[in-house]
Amino acid sequence: MRAPSNLFKYALIATSISLVSGCQPQPQATATAAEAPNIIFMVGDGMGFEFISAYRYAHSQLGAGALTPTVFDDLLVGAATTYPDDATWVTDSAAAATALAAGVKSYNGAIGVNAQQQPITTLMELAKQQGWGTGAVVSVQVTHATPAAFFTHHPSRRMYDEIADSYAQQVSAGQWSFDVLLGGGYSHFDRDDKNWLPELSAQGMQIATSVEQLDSLEKTPVLGLFAPLALPHSIDAEPQLATMTEHALRLLSKQQQSTGKPFALMVEGSLIDWCGHANDIACAVHEMADFAQAIEVVLNYQRQQPNTLVVITADHSTGGLTLGQGGEYAWHSDKVMAIKGSLEVMTRGLLERQPNEFRDYLSPLLNLPLNDAQWQRIESVQVPAELTGRARQAPFAGVLVEIISEHTRTGWTTTGHTAVDVPVLAIGPGAEKFRGYQDNTEIGQRLMELIQQQ
Ligand SMILES: [Zn+2]
C-alpha cells in the first residue's frame with residue numbers, strides 16, 4: 001500500500017533536484033522515477049533473535065564488559081510473526097518461504113502454492129516478468145524448501161526431484177526462472193532416471209560444480225551445484241556463503257549493465273536451522289558467522305550501489321534455544337567457541353570407532369573439560385541394532401547435547417521449530433516499509449509491491 005508513495009518520492013527527489021539545479025528537468029525526472037532498486041532478500045533459516053544474541057555474545061570477550069559490534073546491530077528495524085495457515089502457530093520452512101516469497105499464508109509443506117494447492121505468483125516470477133535479473137544463493141540443496149518456494153510451485157516440499165525438474169525447464173524461450181542459482185543439490189539434477197546437466201549445458205546454461213569454477217564465468221545464466229545435497233557446515237569446512245554471494249552479485253550486476261533492469265537476489269543462511277534442529281550450539285554460532293559474512297558482502301555492494309534495498313529476516317526460529325540453562329546464571333560463550341566440530345561430524349566419527357578410542361578422538365574436537373562420569377556416559381552409549389543410516393548417530397548426539405549444555409549452559413526445548421517472532425532488518429530505499437511489527441506475509445507483499453510499481 002505504501003509503495004506508490006515511495007515511487008512518488010523518487011520522482012519528487014528527482015524533480016526537486018532538477019528544479020534546484022535547473023538542468024534537464026523532464027528526462028531526468030522520468031529516468032530517476034523508473035529506476036527501481038535492486039532487491040537483496042536475505043533469510044537466516046531458523047535465525048530467531050536468540051541466534052543473533054548467541055552470535056553477538058560468542059564473538060565478544062566474556063567479562064570484558066562490552067560487546068563486539070555485529071553487522072546485525074545497525075540494521076534491525078522490526079519483528080515478524082511466522083505462523084502458517086494450519087491449526088498450529090508453528091510454521092515449517094516451506095509455508096514460511098511461501099509467505100515471504102509470495103505474501104500468502106499456506107500450509108506447512110507448501111512450496112509456492114496456496115492453501116488450495118494452487119500456484120501463486122512469487123516475487124521472483126514478478127521480477128522476471130518485468131525483465132529483472134533473478135537469483136538465489138543457499139547453503140543447502142537448491143531444491144530445499146526456502147529457495148524452492150521462490151521459484152517453483154509444488155504441493156509438497158518433499159518433491160525434490162520434481163523441484164529440480166521445475167528449475168531445469170525454461171519458463172519462456174531461452175529463459176529460466178533464475179539467472180543465477182548457487183548452492184548444493186547436484187544429486188537431484190543428475191539422478192538415475194534423469195540427468196538434466198548435459199541438456200541444460202546444450203541449451204546455454206553454464207554449470208559449475210565447484211565454487212572456484214565461478215571465477216571464470218562472466219555472464220548469466222549460471223547454475224552452480226557444489227555438493228550432492230547440502231554444503232558442509234561452516235564449523236567443519238571453509239564457509240562458502242559469502243563467496244557465492246559475491247559471485248551472484250558480480251554476475252547479476254553484469255547482466256544489469258546490459259539490460260538496464262534491476263535484479264532480485266535471495267540469499268539464505270540455510271544451515272543455521274540444521275544446527276538448531278541438531279541442538280548444536282557451536283555449529284549454529286559458526287553458521288551465524290557465515291551468514292554475517294554474506295551480509296557484509298551485501299552491505300559493501302549496497303554502499304557502492306545505494307539504489308539497492310536489503311531486507312533480512314528469518315523464516316522461524318529453531319530448537320527453542322536459550323542462553324542460560326539449569327538454574328545457573330551463566331552462558332559460557334568461550335566454551336562454545338572452543339568446540340571445533342559439528343555434532344554431525346563427531347557422531348559419525350564415534351560410530352566408526354571403538355569406545356576405547358573415543359577420548360583421543362573427541363577431546364580435540366569437543367575441547368571441553370569432561371569429567372570421568374561424562375566420558376563414561378559417552379562410552380556406554382548403545383546404538384540399537386534396528387537403527388539404520390543417520391538414525392544411528394542419534395544416541396550419541398543425545399548424550400553430547402546434554403554434556404555440551406552442562407558445560408556451556410545452553411538450553412534447547414525442541415528438535416523442531418518454534419513460534420516466536422523473528423527479527424526484520426533492512427537498509428536502502430524502501431527500508432522504512434519494514435519498520436515495527438509485521439506478519440511474514442507483509443514482507444513478501446511489500447517487496448512485490450515494490451517490484452510491481454516499476
Ligand atoms: Zn526454515
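Select strands β3 (residues 133-141) and β4 (residues 180-184): β3 and β4 pair in the parallel sense over four bridges. Strands here are DSSP runs of type E with at least two residues, helices are runs of H or I with at least four residues, and both are numbered from the N terminus. Two strands pair if DSSP finds at least two bridges between them. Show glutamine 141, which stands opposite glycine 184 in β4.

This is a predicted model, in which local features need pLDDT of at least 70, side-chain atom pairs count only at pLDDT 80 or more, and totals for chains, interfaces and linings use all residues. Residues are numbered from 1 along each chain as its sequence is written.

**Around β3 and β4**

Stay on β3 and colour by burial: nine of its nine residues are buried. A residue is buried if 20 or more other C-beta atoms lie within 10 Å of its own, exposed if 12 or fewer, and partly exposed in between, with C-beta atoms placed from the backbone. Now add strand β9 (residues 263-269), which pairs with β3 in the parallel sense over six bridges. The bridge partner of glycine 133 in β9 is phenylalanine 263.

Go back to β4 and add strand β8 (residues 222-225); these two pair in the parallel sense over four bridges. Glycine 183 stands opposite leucine 225 in β8.

**The whole sheet**

Next, select the open sheet of ten strands, in the order β7-β8-β4-β3-β9-β1-β10-β15-β2-β16, with mixed pairing. Its edge strands, each pairing on one side only, are β7 (206-208) and β16 (436-439). On average, neighbouring strands of the sheet are turned by 15° against each other, direction ignored.

**Glycine 78**

Where does glycine 78 sit? Select strand β2 (residues 76-81) to find glycine 78. Glycine 78 counts as partly exposed because it has 18 C-beta neighbours inside 10 Å. Valine 424 is 346 residues away from glycine 78 in sequence, yet the two are 4.8 Å apart in space, C-alpha to C-alpha. Leaving aside neighbours within four places in sequence, glycine 78 is in contact with Val424, Phe434, Arg435, Gly436, Tyr437 and Gln438. Contact requires C-beta atoms, placed from the backbone, within 7 Å.

**Helix pairs**

Select helix α10 (residues 241-259) and helix α12 (281-304). Their axes come within 8 Å and cross at roughly 25°; axes are lines fitted to C-alpha atoms, for helices over the stretch in contact, and angles run from 0 to 180 degrees between N-to-C directions. α10 and α12 are therefore roughly parallel to each other (an angle under 35 degrees). To see the contact, show Leu241, Ala242, Thr245, Glu246 and Leu249 of α10 with Asp290, Phe291, Gln293, Ala294, Val297, Val298 and Tyr301 of α12. These residues divide into eight nonpolar, two polar and two charged. Ala, Val, Leu, Ile, Met, Phe, Trp, Tyr, Cys and Pro count as nonpolar, Asp, Glu, Lys and Arg as charged, and the others, Gly among them, as polar.

α12 also appears at the next stop, helix α14 (residues 343-351), where Leu343, Glu344, Met346, Thr347 and Leu350 are buried. What covers them includes α12, α15 (358-366) and α17 (394-408).

Finish with helices α4 (residues 93-102) and α18 (residues 440-452), whose axes come within 5 Å and cross at roughly 30°. Show Ala96, Ala99, Leu100, Ala101 and Ala102 of α4 against Asn440, Thr441, Ile443 and Gly444 of α18. By class, this contact has six nonpolar, three polar and no charged residues.

Key
Two residues are in contact if their C-beta atoms, placed from the backbone, lie within 7 Å. Angles under 35 degrees count as roughly parallel, over 145 as roughly antiparallel, 65 to 115 as roughly perpendicular and the rest as oblique.
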